[in-house]
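Hi,

Here is the structure I promised to pass on. Have a look at it first, and then read my notes below.

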Amino acid sequence: TLTGDLIDALPAAEEHILQVHEALQEMAQVDARMAQVVELRYCGGLTDAEIAAALGVTDRTVRRDWEQARMFLAEALK
């Protein structure tokens, strides 16, 4: 069961969305294509092949960018 203490420790949905947005902005400054991959995957719902076609890169490049983006976001959202 959730206790009041645990619920109070969870970030508000708005706060979490803002953290993700800020992390994506920071990511775009480091690697714009990597940020595009994240946006196309989550906001656009595109597959790796569709993202590759949209960005003019290979599927492998998209997968590599995605793996780097996951690590970047995990670190940024700690």
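To start you off: which residues are exposed on the other side of H5? They are Arg60, Met71 and Glu75. Before I go on, please keep in mind that this is a predicted model.

**The overall picture**

The protein chain has 5 helices and 0 strands, so if you read from the N terminus the elements simply go α-α-α-α-α. Of the 78 residues in the chain, 22% are buried. If you take the contacts with a separation of 6 or more, 51% of them are between residues 24 or more positions apart.

**Helix H5**

I spent most of my time on H5, which covers residues 59-76. This helix has 18 residues and spans 25 Å from its first C-alpha to its last, close to the 26 Å expected at 1.5 Å a residue. Its buried residues are Thr61, Val62, Asp65, Trp66, Ala69, Phe72 and Leu73. Looking down the axis of H5, you will find these buried residues within an arc of 135 degrees, so they line one face of the helix. What lies over them? The cover includes helix H2 (13-30), helix H3 (32-42) and helix H4 (48-55).

**H3 and H4**

H3 has a buried side too, made of Met34, Ala35, Val37 and Val38. Down the axis of H3 they fall within an arc of 155 degrees, so they line one face of the helix. H2, H4 and H5 are among what covers them.

In H4, the buried residues are Asp48, Ile51 and Ala52. Their arc, seen down the axis of H4, is 100 degrees, so here again they line one face of the helix. The cover on that side includes H3 and H5, while the face turned away from it carries the exposed residues Ala53 and Ala54. After H4 comes Gly56, which has a positive phi, near 70 degrees.

**The core**

The largest nonpolar core has 14 residues. Which of them touch the most other members? Those are Met27, Val37, Val38, Val62, Ala69 and Leu73. H2, H3, H4 and H5 each supply at least two residues of this core, and H5 gives the most, with 5 residues.

Val37 is a good one to click on. Leaving out its neighbours within four places in sequence, Val37 is in contact with Ile51, Leu55, Val62, Asp65 and Trp66.

**Asp65**

Asp65 is found in helix H5. Is this residue buried or exposed? Its relative accessibility is 2%, so Asp65 counts as buried, the cut-off being under 20%. If you again set aside residues up to four places away in sequence, Asp65 touches Arg33, Met34 and Val37. You can also check the distance to Gln36, which is 29 residues away along the chain: the C-alpha atoms of Asp65 and Gln36 are separated by 9.5 Å.

**Tyr42, Trp66 and Arg41**

The structure holds 1 aromatic pair. The partners are Tyr42 and Trp66, with ring centres 5.6 Å apart and planes at 45 degrees, so the pair is tilted. Tyr42 lies in helix H3 and Trp66 in helix H5, so the pair ties together parts that are 24 residues apart in sequence.

The two partners are worth looking at in surface view. Tyr42 is exposed, with a relative accessible area of 61%, whereas Trp66, at 10% relative accessibility, counts as buried. Then there is Arg41, which lies over the face of Trp66, at 4.2 Å from the ring centre.

**If you only have a minute**

- Show H5 and colour its buried residues, including Val62, Asp65, Trp66 and Ala69.
- Turn to the other side of H5 to see the exposed Arg60, Met71 and Glu75.
- Zoom in on Trp66, where Arg41 lies over the face of the ring and Tyr42 is the partner in the tilted pair.

Have fun with it!

Notes:
Residues are numbered from 1 along each chain as its sequence is written. This is a predicted model: local features need pLDDT of at least 70, side-chain atom pairs count only at pLDDT 80 or more; totals for chains, interfaces and linings use all residues. Side-chain values use heavy atoms; hydrogens and water are left out. Helices (H or I, at least four residues) and strands (E, at least two) are DSSP runs, numbered from the N terminus. The expected span of a helix is 1.5 Å times one less than its number of residues. Buried means under 20% relative accessible area, exposed over 50%, partly exposed in between (1.4 Å probe, protein chains only). The arc is that of the directions from the helix axis to the C-beta atoms. Contact means heavy atoms within 4.5 Å. A nonpolar core is a set of buried Ala, Val, Leu, Ile, Met, Phe, Trp, Tyr and Cys residues joined through side-chain atoms within 4.5 Å. Rings of Phe, Tyr and Trp (its six-membered ring) pair if their centres lie within 6.5 Å; planes under 30 degrees apart count as stacked, over 60 as edge-to-face and the rest as tilted. A charge sits over a ring if NZ of Lys or CZ of Arg is within 6 Å of the ring centre and within 35 degrees of the ring normal.
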